[in-house]
Amino acid sequence: MQELLKQIGRITGPAGLLTGDDVTARSESWVTNVPCRAKAIVRPANTAEVSAVMKLCHAAGQTVVTHGGLTGLVDGAYSTPNDLVLSLERMRQIDPIDKDNRTVKVQAGAVLQSVHEVAAQAELMFPLDLGARGSATIGGNLSTNAGGNSVIRYGMAREQVLGIEAVLADGTVISSLNQVIKNNTGYDVKQLFIGSEGTLGIITQAVLRLRPLLRSRQTALVAINRFSDVTRFLRLMDAGLGGSLSAFEVMWNDFYSLIVVEGGEHGQPLGPDHAYYVLLEASGGHEDTDQARFDQALEQAYDAGLVADAVVAQSSRQREELWAIRDDIDGLVRGLNPAITFDVSLGLADMNEYVDKVRAALQALWPQLRMVVFGHLGDGNIHLVLTVGSNANDVVYAVEEVVYRELQPFAGIISAEHGIGLLKKDFLHCSRSPDEIALMRSLKNALDPLGILNPGKVLPDAKACITTAEQSA
C-alpha cells in the first residue's frame, strides 16, 4: 500500500493525497459524523489524474470508494481501513455557459448551488434542486440520480444531463460529452453511470441542460384535512396552472407539529390542528398573469371545499420562510434522535393507507415510536423519519423489515431518490426481480471485473441473492 501511495502522490502532488490525521479528521456521513477510516484520501485535480490513479489501483487490485459532497443517507460513502477514498472536491470547474444551446459543462466536484448561481448570471437555471444544495456535488447528484423539489415539472437528475465523462475501474476514460438534446445513436452510454452510485465508473464531467430563468414564483402553504382532498387538490392545481406547477410538497401533521410547533423557529403560518400541509409552488415568465392564475386556481380549490386554510407568500423572504419549514432537516434530526430514515415511492391512491399500516405495525412493536411523514407527493415520493429509542443495527434492521414488508403489496419502491448504498442493498429484492438483479450484476462484472469500485454497495451479496430467489420460488 505504501508504494502505491507514493506512486499516487507523484500523480496528484502533495495537495492531492491525505493520510493519517488528515483522513480521520473527516466524516463520511453528516448524519452520524463517523470519521473516515480509509487508508488515504486521493484528491485528483482533473480527469487525467483520476484515470492515472485508477490504472494504478486496478493493477494493484486496490478498492476505491468515491466521495462527493457527503450528503447521502444510505452509507454510500462508507469506507474501511483497506480502502482508498477518491474525492472529487478539487474538480469544481464550471465552464462558460453556452447561452444559445442552454448548456454548461462542469466537473463532477462542482457544488449544486454554484451551478445555480452561475446559470442565474446568464439568465438561465439548472432545475435540479434539493435541501443540500450548498454542499451536494453534481457528481454525487448524478451518480445517485437525485430527485429533489422540482421533479414534478422537470424530472429526476438524469433528465437534466446531455453528456457524461466517466473513468472506468481500469482507468479507461469514457468521454460522451454530448451537447445536443436529440441524439439517437445507439446505446445511451451516460445512463450506465447515472444512478449507479459509483459502482460502474467515476463521473468526472457532465454537460448539463439549462432552462430559461423563471421570472415569477407563486408559493403558498395550504392546510387540508382529508388525504383524498390532497390528491384532488393536486389534480385541480396542476390542471388550473397549465403546466407551471413546479413543486407540491406535503407534510403530515406529525411533521408540522415537530418542526413548527415544537421547534419554534418558523413562527406559525397556519394553525397546528390540520391533518396535512401542502407547500406548493408555480413558476413562470409573467408576474402579473402568473399570480392571477395562481390565485384563481386557489379560489377554485376553496370553492370545491378542498382547502381549510392557506397563506400565500407576498415576497421572496416569505417564500424562503415557508420553504425553510419543509427543508428543516436539522430540526428533524434533533427532534427524532436517534433517527431512522426512509425514502419510498408508491401510487398516490395507496399512500395514506400505507402510512397508516406502517405506523400501526411499528407501534405494535415499539410503543414509544415517533414518526413523521413528508415528501414530494406530486411525484409519488414520501419520506418517513422515525425513532424507536435506539439505532442499534438489529433494531434498525427490524424496523426496515416492517417498512419494506408493508410496501410490497402496493408495488412500492424502496428508494425513490436516495439510492441503495450499503443500507438498502439487502432489500433490493423488494423492488427488483431476480432477473433484474442478475442483469445488474452482469453489468458490474463487465465494467469492474475486480470489484474495486465502491465495493459492497448497491448489489446484495450473491449468497443472499440466491437465498431470496429460493424463497420466492
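The legends below describe close-up views of a predicted model.

**Figure 1. An open sheet of four antiparallel strands.** The strands of this sheet follow the order S5-S9-S7-S8, and their pairing is antiparallel. Strand S5 (103-107) and strand S8 (173-176) form the edges, each pairing on one side only. From one strand to the next, the twist averages 15°. Five bridges join S5 to strand S9 (residues 202-209) in the antiparallel sense. Within this pairing, Val104 has Leu208 of S9 as its bridge partner.

**Figure 2. Strand S11 and its partner strands.** Strand S11 is largely enclosed by the rest of the structure, because eight of its nine residues are buried. S11 pairs with S13 in the antiparallel sense over nine bridges, and Thr219 has Glu281 of S13 as its bridge partner. S11 also pairs with strand S14 (residues 309-312), again in the antiparallel sense, over four bridges. In that pairing, Ala223 stands opposite Asp309 of S14.

**Figure 3. The surroundings of Ile224 in strand S11****.** Ile224 has a relative accessibility of 0% and therefore counts as buried, the limit for that class being under 20% relative accessible area. Leaving out residues up to four places away in sequence, Ile224 touches Asp229, Val230, Phe233, His274, Ala275, Tyr276, Val278 and Leu306. The C-alpha atoms of Ile224 and Val278 are 7.6 Å apart in space, although the two residues are 54 residues apart in sequence.

**Figure 4. Helix H8 and the elements that cover it.** Helix H8 comprises 14 residues (residues 227-240), which at 1.5 Å a residue should span 20 Å; the end C-alpha atoms are 20 Å apart, so the two values agree. The buried residues of H8 are Phe227, Asp229, Val230, Thr231, Phe233, Leu234 and Met237. The elements covering these buried residues include helix H6 (151-154), strand S11 (216-224), strand S12 (245-252), strand S13 (276-284), helix H10 (287-303) and helix H13 (348-365). After H8 comes Gly242, which has a positive phi, near 60°.

**Figure 5. The largest nonpolar core.** In soluble globular proteins, nonpolar side chains tend to be buried together. The largest such core here has 57 residues, of which Phe233, Tyr354 and Ile382 touch the most other members. With seven residues, helix H14 (residues 393-407) gives the most to this core. Another core, of 49 residues, lies apart from the largest one, and Leu112, Val161, Leu200 and Ala206 are among its members.

**Figure 6. The contacts of Tyr354.** Tyr354 is one of the residues that touch the most other members of the largest nonpolar core. Neighbours within four places in sequence left aside, Tyr354 is in contact with Val344, Leu346, Ile382, Leu384, Val403, Glu406, Leu407 and Phe410. Among these contacts, Ile382 is another of the residues that touch the most other core members.

**Figure 7. Arg133 and its two acidic partners, Asp129 and Asp327****.** Side chains of opposite charge can pair when their charged atoms come close. Arg133 meets Asp129 in a salt bridge of 2.6 Å, N to O, and meets Asp327 in a salt bridge of 3.7 Å, N to O. Asp327 belongs to the loop between helix H11 (316-326) and H12, whereas Arg133 belongs to the loop between strand S6 (124-125) and helix H5 (138-143), so the pair ties together parts 194 residues apart in sequence. Arg133 is partly exposed, with a relative accessible area of 22%; Asp327 is also partly exposed, with a value of 24%.

**Figure 8. The salt bridge between Glu262 and Arg370****.** The side chains of these residues meet at 2.4 Å, N to O. The pair links distant parts of the chain, 108 residues apart, with Glu262 in helix H9 (residues 253-262) and Arg370 in strand S16 (residues 370-376). Arg370 is partly exposed, and its relative accessible area is 30%. Elsewhere, Arg26, Arg43 and Glu89 are joined into one network by salt bridges that share partners. A search of the whole structure finds 23 salt bridges.

**Figure 9. Val333 in helix H12****.** Helix H12 spans residues 329-335 and contains Val333. Val333 is partly exposed, with a relative accessible area of 27%. Val333 and Thr387 are 54 residues apart in sequence, and their C-alpha atoms are 9.8 Å apart in space.

Conventions: Residues numbered from 1 in each chain as written. Predicted model: local features only at pLDDT ≥ 70, side-chain atom pairs only at ≥ 80, totals over all residues. Heavy atoms only, no water. Pairing = 2+ DSSP bridges. Helix = DSSP H or I, 4+ residues; strand = E, 2+ residues; numbered from the N terminus. Axes fitted to C-alpha atoms, helices over the stretch in contact; angles between N-to-C directions. Core = buried A, V, L, I, M, F, W, Y, C linked by side-chain atoms within 4.5 Å. Buried < 20%, exposed > 50% of the residue type's maximum accessible area, 1.4 Å probe, protein only. Contact = heavy atoms within 4.5 Å. Salt bridge = Lys/Arg side-chain N within 4 Å of Asp/Glu carboxyl O. Expected span 1.5 Å × (residues − 1).
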